[in-house]
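Student: Can you walk me through the cysteines and the charged side chains in this one? I'd like to start with the cysteines.

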Amino acid sequence: MNTSWMPLLAAAFFFVLPATADPRRDGASIAAALNAAHHPLDACGGENLLDLAVPDGPFLSACQMHDACYRSGAKNQYDCDTDFLLDMRDACEISYPKQDKQVRHLTCMGAAQTYFLAVNSSVGSRHFNTGGTSGELAAHTQQRLLEDDRSDELRNCVTVKNTSGRKIAYQVRLHNQNGDWVDTEPDLGKAHLQPTASKRICVDTDRQPLEDWHTMGETYFITLKADDPDRFRLFGDLIDVDRIECDRATGQCVR
């Protein structure tokens, strides 16, 4: 009997079985929550035309687990996405062993990275709807930048923390005492932070010809804006998630 087809059949059978969480990775309670969140229609592309546009290939089980992870709320988005990438890489190792099928193995690994980048994005954040949209302005440091012409500049560096359960894009804005906009960082685009991640961002008056240390007023404001994944619009997606008021004389800031 020709049994050369049996490994292929075994691999195919493995990937149509319902995905199950690994308690060795997740712990028993999280694994139970992930397994309970499975839906029979889970797949790499979902349903209808999207399912045709995003083929399952060897990743069906990984995609099913990823869908369940998003739905369960047992983990944050980055952990779900990272597990997804690891599961897809495991699938590549099983379906296309590197020692036997090097080209297909590399192609599969490239596809796994592409799928990961597709979900670890604003699109993925939109579907991870249990994560909320929040952020925090943490540690802050005020500086007075001395200029030769005595038009000293004001700079304040803050630590932006992603306190939500999903990947969020942020902007930090500086306002004078009247609430007028003075500076925004990053200049182009936004700072994309994974859940629990943080980044140091500085705003200042240096590039504003009408603003400097003296014109900011006795108090000034720093606001943190987040690109809310739930507000899918071409414009107006940014919402205020935190705000601090700073005393220019002391450099102290409070909410």
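Tutor: Sure. If you number the bonded cysteines of the chain in sequence order, they pair up as 1-2, 3-4, 5-6, 7-8, 9-10. Keep in mind that this is a predicted model.

Student: And how many disulfides does the count come to?

Tutor: The count comes to 5 disulfides.

Student: Pick one. What does C69 join to?

Tutor: C69 is joined to C80 by a disulfide, with S to S at 2.0 Å. This pair links distant parts of the chain, with C69 in helix 5 (residues 60-72) and C80 in helix 6 (residues 77-95), 11 residues apart.

Student: Which hand does the disulfide of C69 and C80 have?

Tutor: It's left-handed, because the torsion about the S-S bond of C69 and C80 is about -75°.

Student: Are those two cysteines, C69 and C80, buried or exposed?

Tutor: C69 is buried, at a relative accessible area of 4%. C80 is buried too, with a relative accessible area of 2%.

Student: OK, next one. What about C92?

Tutor: C92 forms a disulfide with C108, and the S to S distance is 2.0 Å. C92 lies in helix 6 and C108 in helix 7 (residues 102-119), so this pair ties together parts that are 16 residues apart in sequence.

Student: Left-handed or right-handed, for C92 and C108?

Tutor: Left-handed, because the torsion about the S-S bond is about -85°. As for cover, C92 and C108 are both buried.

Student: Where does C157 fit in?

Tutor: C157 forms a disulfide with C202, their sulfur atoms 1.9 Å apart. The pair links distant parts of the chain: C157 sits in strand 2 and C202 in strand 6 (residues 198-204), 45 residues apart.

Student: And the hand of the C157 and C202 disulfide? What does the torsion say?

Tutor: The torsion about the S-S bond of C157 and C202 is about 105°, so this disulfide is right-handed.

Student: How does the cover look for C157 and C202?

Tutor: C157 counts as buried because its relative accessibility is 8%, with the cut-off for buried being under 20%. C202 is partly exposed, at a relative accessible area of 30%.

Student: Good, switching to charges. How many salt bridges does the count come to?

Tutor: The count is 13 salt bridges. One of them is between the side chains of D42 and R71, at 2.7 Å, N to O.

Student: Where do D42 and R71 sit along the chain?

Tutor: D42 lies in the loop between helix 3 (28-36) and helix 4 (48-53), and R71 is in helix 5, so the salt bridge ties together parts that are 29 residues apart in sequence. D42 counts as buried, with 7% relative accessibility, whereas R71 counts as partly exposed at 40%.

Student: What does K75 pair with?

Tutor: The K75 side chain meets that of D83 in a salt bridge at 2.3 Å, N to O. D83 counts as buried at 13% relative accessibility, and K75 counts as buried at 13% as well.

Student: Anything on the strands? Which residue meets K225?

Tutor: D240 does: the two side chains form a salt bridge at 2.4 Å, N to O. That pair links distant parts of the chain, with D240 in strand 8 (residues 238-247) and K225 in strand 7 (residues 219-227), 15 residues apart.

Student: And how covered are D240 and K225?

Tutor: D240 counts as exposed because its relative accessibility is 53%. K225, at 14%, counts as buried.

Student: Which residues get joined into one network by salt bridges that share partners?

Tutor: D183, E185, D187 and R207 are joined into one network that way.

Student: Last topic, the surface. Which residues form the negative patch?

Tutor: The negative surface patch is made up of E147, D148, D149 and D206.

Student: Where does E147 lie?

Tutor: E147 is in the loop between strand 1 (136-145) and strand 2 (153-161).

Student: Why is E147 called partly exposed?

Tutor: Because its relative accessible area is 31%, and partly exposed runs between the 20% and 50% cut-offs. That value also matters for the patch, as patch residues need over 30% relative accessible area and no salt bridge.

Notes:
Residues are numbered from 1 along each chain as its sequence is written. This is a predicted model: local features need pLDDT of at least 70, side-chain atom pairs count only at pLDDT 80 or more; totals for chains, interfaces and linings use all residues. Side-chain values use heavy atoms; hydrogens and water are left out. Patches are made of residues with over 30% relative accessible area and no salt bridge: like charges are joined within 9 Å, nonpolar side chains (Val, Leu, Ile, Met, Phe, Trp, Tyr) within 5 Å. Accessible areas come from the Shrake-Rupley method with a 1.4 Å probe; for residues, only the protein chains shown count as cover. A salt bridge is a side-chain nitrogen of Lys or Arg within 4 Å of a carboxyl oxygen of Asp or Glu. Lys and Arg count as positive and Asp and Glu as negative; His and the chain ends are not counted. The place of a charge is taken as NZ of Lys, CZ of Arg, CG of Asp or CD of Glu. Helices (H or I, at least four residues) and strands (E, at least two) are DSSP runs, numbered from the N terminus. Buried means under 20% relative accessible area, exposed over 50%, partly exposed in between (1.4 Å probe, protein chains only). A disulfide is a pair of cysteine sulfur atoms within 2.5 Å.
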